[in-house]
Amino acid sequence: MSALIAKLKRTPLPRSSASMTFLLMTVMFAVVPVAAGSTFSTFSVYTALQIFGTYGLIALALGITMIAGQFDLSTLGMYSLGGMVAVKLGQGAPMTGVAAAVLVGAVAGLIQGSIVSRFRINSMAVTLGGFLVLLGLSRTLGDDRTVSYDDVGVGIILDRPLAAVLSMHTLVVLGCFVLIATVMARTRLGRDIRAVGGDARASHIAGVHVERVTTGVFVISGVLAGLAGALNAFTLSSALVNPGFAPLVFAGTAALIGGVGLAGGRGTAWGIALGALSLSLLQAMFGMLASPSWVSSIITGVLLAAAAAFSGLRRQTVWMAWKRSMSHMTNRNPGRLGGNGISP
């Protein structure tokens, strides 16, 4: 078995598209508008990073559940509810509003994660119901209308340019990515999340608390989605009862472009960040070109399909490498391994 694992590690796999896509989008972002007669400036970069600040945490929330082999559709509902809670409870005390949004996100994630892990129910079904419940709560709190936030100074502080291209909003989002990336790379929890996403049954046999890890991932997702909603509401000085599906489409596409596997067990926070930045550059570029919204929708859809196809290709390559390795070991040790690769 050790020889098999070593061989699989040496098997060449398709490279992640995250870095290549980001570099391509960066070049296009800098060249295409200028070639079309538009003006490129630091404000163009600032705009792209603001888009990243708006949707980046949703991409991270969804992406981390995908790495764990789940799919949290409720991030969109929590995004809406988080903004509504922050505006309602944060009048005159924005930090209270943010804390409330994060707490509600954690509770929502805990409930959904416990149902998924304890009863072994498909996460898409559970979180679709969660999305509808959270969106309904948001509409109830807002009386089915957009709710204004009186302290516009908070939004000014969050969006004030820093070093020409950054803002406090963007820095907070980047800080969350750094934190999650550190947890995923340097802690046992990060290793367990990838292990559970790769093979939950094998992880359980190896001593991983699969239920705790799964529940914890949904809690993290809820916290990130609630925080994203609160920050966006303060930036806009209003809470939207229905943000539409654009944030979820952005999040799923960014996660796949960032190298997160559809089957789970693969992906990093930095990859998701690169995917989100790539889409942000793309949207900002279309804004500079004054392109119709349907152009951005078509290109995003093509990127989503391509990223999904690449993910499937990578999974198939790994599976074929496994089959070739098993066949090779069977031929070399016919007396030790039976026809199915199992000792008789």
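Throughout this passage a residue is called buried when its relative accessible area is under 20%, exposed when it is over 50%, and partly exposed in between, with a 1.4 Å probe and with protein chains only taken into account. The structure is a predicted model, in which local features need pLDDT of at least 70 and side-chain atom pairs count only at pLDDT 80 or more, whereas totals for chains, interfaces and linings use all residues. Residues are numbered from 1 along each chain as its sequence is written, and side-chain values use heavy atoms, with hydrogens and water left out.

The protein chain contains 14 helices and two strands, these elements being DSSP runs numbered from the N terminus (H or I over at least four residues for helices, E over at least two for strands). Of its 344 residues, 47% count as buried. The accessible surface of the chain, obtained by the Shrake-Rupley method with a 1.4 Å probe, comes to about 16,700 Å², and 66% of that surface belongs to carbon and sulfur atoms. Contacts, defined by heavy atoms within 4.5 Å, were also sorted by sequence separation: among those between residues at least 6 apart in sequence, 79% join residues at least 24 apart.

The largest nonpolar core, that is, a set of buried Ala, Val, Leu, Ile, Met, Phe, Trp, Tyr and Cys residues joined through side-chain atoms within 4.5 Å, has 81 residues, and those with the most contacts inside it are Leu 57, Leu 60 and Ile 193. Helix H3 supplies the largest share of this core, 14 residues. In soluble globular proteins, nonpolar side chains tend to be buried together. When neighbours within four places in sequence are left aside, Ile 193 is in contact with Ile 64, Ile 67, Ala 68, Met 184, Val 213 and Val 217.

Ile 64 is itself placed in helix H3 and counts as buried, at 3% relative accessibility. Apart from residues up to four places away in sequence, Ile 64 touches Ile 180, Met 184, Ile 193, Val 217, Ile 220 and Ile 272. The C-alpha atoms of Ile 64 and Ser 221 are separated by 7.2 Å, although the two residues are 157 residues apart along the chain. Thr 65 also lies in helix H3, which covers residues 42-67, and is buried with a relative accessible area of 0%. With neighbours within four places in sequence again set aside, the contacts of Thr 65 are Gln 70, Phe 71, Asp 72, Val 217 and Ser 221.

Helix H5 (residues 94-119) has 26 residues, which at 1.5 Å a residue should span 38 Å, and this agrees with the 38 Å between its end C-alpha atoms; the expected span is 1.5 Å times one less than the number of residues. Among the buried residues of H5 are Gly 97, Ala 101, Gly 105, Gly 109, Gln 112 and Ser 117, and the buried residues of this helix pack against helix H4 (75-89), helix H6 (123-141) and helix H11 (210-236). The axes of H4 and H5 come within 7 Å and cross at roughly 145 degrees, where axes are lines fitted to C-alpha atoms over the stretch in contact and angles run from 0 to 180 degrees between N-to-C directions. This contact involves, among others, Met 78, Leu 81 and Gly 82 of H4 and Thr 96, Gly 97 and Val 98 of H5.

Helix H13 (residues 269-288) was examined in a similar way, and its 20 residues should span 28 Å at 1.5 Å a residue, in agreement with the 28 Å between its end C-alpha atoms. Of these 20 residues 16 are buried, so H13 is largely enclosed by the rest of the structure. Just after H13, Ala 290 takes a positive phi of about 55 degrees.

Most residues other than glycine have a negative phi. Arg 120, which is not a glycine, has a positive phi of about 55 degrees; Arg 120 is found in the loop between H5 and H6 and is exposed, with a relative accessible area of 69%. Ile 121 lies in the loop between H5 and H6 and counts as partly exposed at 37% relative accessibility, and its contacts, leaving aside neighbours within four places in sequence, are Ile 115, Val 116 and Val 126. A positive phi, near 75 degrees, is also found at Ala 164, in the loop between helix H7 (152-159) and helix H8 (168-186), where Ala 164 counts as partly exposed at 41% relative accessibility.
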